[in-house]
Amino acid sequence: MKATIRPSVAGARLRDSVPPPYRMEVVKGIKADGQYTVILCAHAERDVVSPPELDRAFRRMDAPAPDGIIVVGTVFTEEARKLAEERGARIVALRNAKWTDESARQRQL
C-alpha cells in the first residue's frame, strides 16, 4: 500500500486525521497549536510496515512540518522503526509486536 502523506496537520486536528484505533495514542505529547506531518502507512489488521514502504514515503515527503513527523501503521518491523527514528519521526502503532523484515517476509509466503 502506498502511504498517505498529510504534510501539515494542526495538533488540534491530529485526532481527526487518523483512523479511530489510533486516535488516543496520536494525541499524546502533542501541542494543540503545533503543526505535524502525518504519514499514514498500511493499517489493515494483518499489515506490517517495512523499511521500503516507509523510505518511499519519506522520499515523497516535502520538508516536514515544524513540530515533527508522526508515522501511523498497524505494526512496524524493527528495521522500519530504526528508519523512522533516524528521520526523527514518532511511530504510532496499533500493536508493538517484535517483527523483523525477515519474519514479515516469511509470514507473506
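1. In which strand is Ile 39 found? Ile 39 is found in strand β2, and in this predicted model the residue counts as buried, because its relative accessibility is 0%. Not counting residues up to four places away in sequence, Ile 39 touches Ala 3, Thr 4, Ile 5, Ala 57, Phe 58, Met 61, Ile 69, Ile 70, Val 71 and Val 72. One of these partners, Met 61, is 22 residues away in sequence, and the C-alpha atoms of Ile 39 and Met 61 are 8.9 Å apart in space.

2. The overall make-up of the chain can be set out next. The protein chain holds four helices and four strands, and from the N terminus on its elements follow the pattern β-α-β-α-β-α-β-α. The chain has 109 residues, of which 42% count as buried, and its accessible surface comes to about 6,200 Å², with 51% of that area belonging to carbon and sulfur atoms. Among contacts with a separation of 6 or more, 63% are accounted for by residues 24 or more positions apart.

3. The four strands form an open sheet in the order β1-β2-β3-β4, and the pairing is mixed. At the edges lie β1 (4-10) and β4 (89-93), each of which pairs on one side only. On average, and with direction ignored, neighbouring strands of this sheet are turned by 25° against each other.

4. The mixed character of the pairing can be followed strand by strand. β1 and β2 pair in the antiparallel sense over five bridges, and Val 9 has Tyr 36 of β2 as its bridge partner. Strand β2 (residues 35-40) then pairs with strand β3 (residues 69-73) in the parallel sense, over four bridges, and here the bridge partner of Leu 40 is Val 72 in β3. β3 and β4 also run parallel, joined by five bridges, with Gly 73 standing opposite Ala 93 of β4.

5. The burial of two of the strands deserves a separate remark. Five of the six residues of β2 are buried, so β2 is largely enclosed by the rest of the structure. Although β4 is an edge strand that pairs on one side only, four of its five residues are buried, so β4 too is largely enclosed by the rest of the structure.

6. Is Gly 73 buried or exposed? Gly 73, which is found in strand β3, counts as buried because its relative accessibility is 0%. Leaving aside residues up to four places away in sequence, Gly 73 touches Tyr 22, Cys 41, Ala 42, Val 49, Val 92, Ala 93 and Leu 94. For one of these partners, Leu 94, the separation is 21 residues along the chain, and the C-alpha atoms of Gly 73 and Leu 94 are separated by 6.7 Å.

7. Which strands does helix α2 touch as it packs on the sheet? The helix touches β1, β2, β3 and β4, and its direction makes about 145° with that of β3. Ala 57, Phe 58 and Met 61 are among the residues that Ile 39 touches, and two of these, Ala 57 and Phe 58, lie within the residue range 51-60 of α2.

8. Helix α2 (residues 51-60) also packs against helix α3 (residues 78-86), at an angle of about 25° and with the axes 8 Å apart. The two helices are therefore roughly parallel to each other. On the α2 side the contact is made by Pro 51, Leu 54, Asp 55 and Phe 58, and on the α3 side by Glu 79, Ala 80, Leu 83 and Ala 84. The residues of this contact divide into six nonpolar, no polar and two charged. Phe 58 appears both in this contact and among the residues touched by Ile 39.

9. A last point concerns Glu 45, which lies in the loop between β2 and α2. Glu 45 is exposed because its relative accessible area is 54%, and the cut-off for this class is over 50%. Not counting residues up to four places away in sequence, Glu 45 touches Thr 74 and Arg 95. Glu 45 and Val 75 are 30 residues apart along the chain, and their C-alpha atoms are separated by 9.1 Å.

Terms used:
Residues are numbered from 1 along each chain as its sequence is written. This is a predicted model: local features need pLDDT of at least 70, side-chain atom pairs count only at pLDDT 80 or more; totals for chains, interfaces and linings use all residues. Side-chain values use heavy atoms; hydrogens and water are left out. Axes are lines fitted to C-alpha atoms, for helices over the stretch in contact, and angles run from 0 to 180 degrees between N-to-C directions. Angles under 35 degrees count as roughly parallel, over 145 as roughly antiparallel, 65 to 115 as roughly perpendicular and the rest as oblique. Contact means heavy atoms within 4.5 Å. Ala, Val, Leu, Ile, Met, Phe, Trp, Tyr, Cys and Pro count as nonpolar, Asp, Glu, Lys and Arg as charged, and the others, Gly among them, as polar. Buried means under 20% relative accessible area, exposed over 50%, partly exposed in between (1.4 Å probe, protein chains only). Accessible areas come from the Shrake-Rupley method with a 1.4 Å probe; for residues, only the protein chains shown count as cover. Two strands pair if DSSP finds at least two bridges between them.
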